[in-house]
Amino acid sequence: MKLTVFDLDHTLLQGDSDTLWCDFLMREGVLAREPFASLNAAMERDYREGTVSAMAFCAFYVGTLAGRSVAEWAPWLGRFLNEEIAPRLPLAAHTLVQRHQRSGDRVILSTATNRVLTERTAAHLGIPDLIATECEVASDGRLTGQLRGAPNMREGKVKRLEAWLAGHGLTLKGCDSTFYSDSMNDLALLQAVNHPVVVDADPRLAAEAARRGWPAISLRA
């Protein structure tokens, strides 16, 4: 089977879902601008530099959802998709996804960003299969602000993909696999697939891709 996996943030999306979400909530007055703006900027910097743990990174952003149910967040999430996400998904990204789908590939969106924020993005892109960081839900239906299971980040992306494939009676080694990503944080999965492709890569990944001879493309509008 031909398997194509896409990273989301700074790959298909021109921006970062978590950062955009925090900016959106601060504009809406849901989050206090300070100290959260400073904390958000520091987290984004540490992610780019690879100095923050996967658990700390994902938990920080899942924490913004605490105290409300997914249904209660729905009005904000709908606006967030329409106002912040959809305009940052360039035509080239849609075209690339559709090209792989027309070729008969099984296409998966795999992101460290949590499912609550990204399931609408996956649907907007026409990708039915999403692997994302999961959020814990309390007995009353409200999000606790904690992770459920391991974050879908770095080596976790490989483990979560392998688990997803096993659940469908498949293995990564048994697939002709392609992965598109911009980030050095995705090096583990880029090394695990047959066809790694870097997209508008960060400086560290660009250097690594050049050393390994990996193809590089741009989807920027």
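This passage describes the aromatic pairs, helix α9 and the cysteines of a predicted model.

Aromatic contacts make a good starting point. The model contains 10 aromatic pairs. One of them joins phenylalanine 6 and tyrosine 180, whose rings are stacked, with 4.8 Å from centre to centre and 10° between the planes. Because phenylalanine 6 belongs to strand β1 (residues 2-6) and tyrosine 180 to strand β6, this pair ties together parts that are 174 residues apart in sequence. Both phenylalanine 6 and tyrosine 180 are buried.

A second pair brings tryptophan 21 and phenylalanine 80 together: the ring centres are 5.1 Å apart and the planes stand at 75°, so the arrangement is edge-to-face. Here the partners come from two helices, tryptophan 21 from α1 (residues 17-28) and phenylalanine 80 from α4 (residues 70-85), so parts 59 residues apart in sequence are tied together. Tryptophan 21 is buried at 0% relative accessibility, and phenylalanine 80 is likewise buried, with a relative accessible area of 1%. These two residues also belong to a cluster in which ring pairs link Trp21, Phe24, Trp73, Trp76 and Phe80. Tryptophan 73, a member of that cluster, has a charged neighbour as well: the charged end of arginine 68 sits over its ring, 4.7 Å from the centre.

Helix α9 (residues 203-212) offers a clear view of two faces. Its buried residues are Leu205, Glu208 and Ala209. They lie on the same side of α9, because the arc they cover around the axis is only 100°. The face turned away from this buried side carries Pro203, Ala207, Ala210 and Arg211, which are exposed. The cover over the buried residues of α9 includes β6 (176-181), α8 (187-192) and β7 (195-199). Strand β6 thus appears twice in this account, as it also holds tyrosine 180 of the stacked pair. At the start of α9, a side-chain oxygen of aspartate 202 comes to within 3.2 Å of the backbone nitrogen of arginine 204. Beyond the helix follows glycine 213, with a positive phi near 75°.

The cysteines, finally, give a simple result: the number of disulfides is zero. Cysteine 58 is in no disulfide, and the nearest cysteine sulfur, that of cysteine 135, is 9.7 Å away. A disulfide requires the two sulfur atoms to be within 2.5 Å, which is why this separation does not qualify. Cysteine 58 is buried, with a relative accessible area of 4%, and cysteine 135 also counts as buried, at 8% relative accessibility.

Terms used:
Residues numbered from 1 in each chain as written. Predicted model: local features only at pLDDT ≥ 70, side-chain atom pairs only at ≥ 80, totals over all residues. Heavy atoms only, no water. Buried < 20%, exposed > 50% of the residue type's maximum accessible area, 1.4 Å probe, protein only. Helix = DSSP H or I, 4+ residues; strand = E, 2+ residues; numbered from the N terminus. Arc of directions from axis to C-beta. Contact = heavy atoms within 4.5 Å. Polar contact = N/O pair within 3.5 Å; in protein donor to acceptor, adjacent residues only side chain to side chain. Phe/Tyr/Trp six-rings, centres within 6.5 Å; stacked < 30°, edge-to-face > 60°. Lys NZ or Arg CZ within 6 Å of the ring centre and 35° of its normal.
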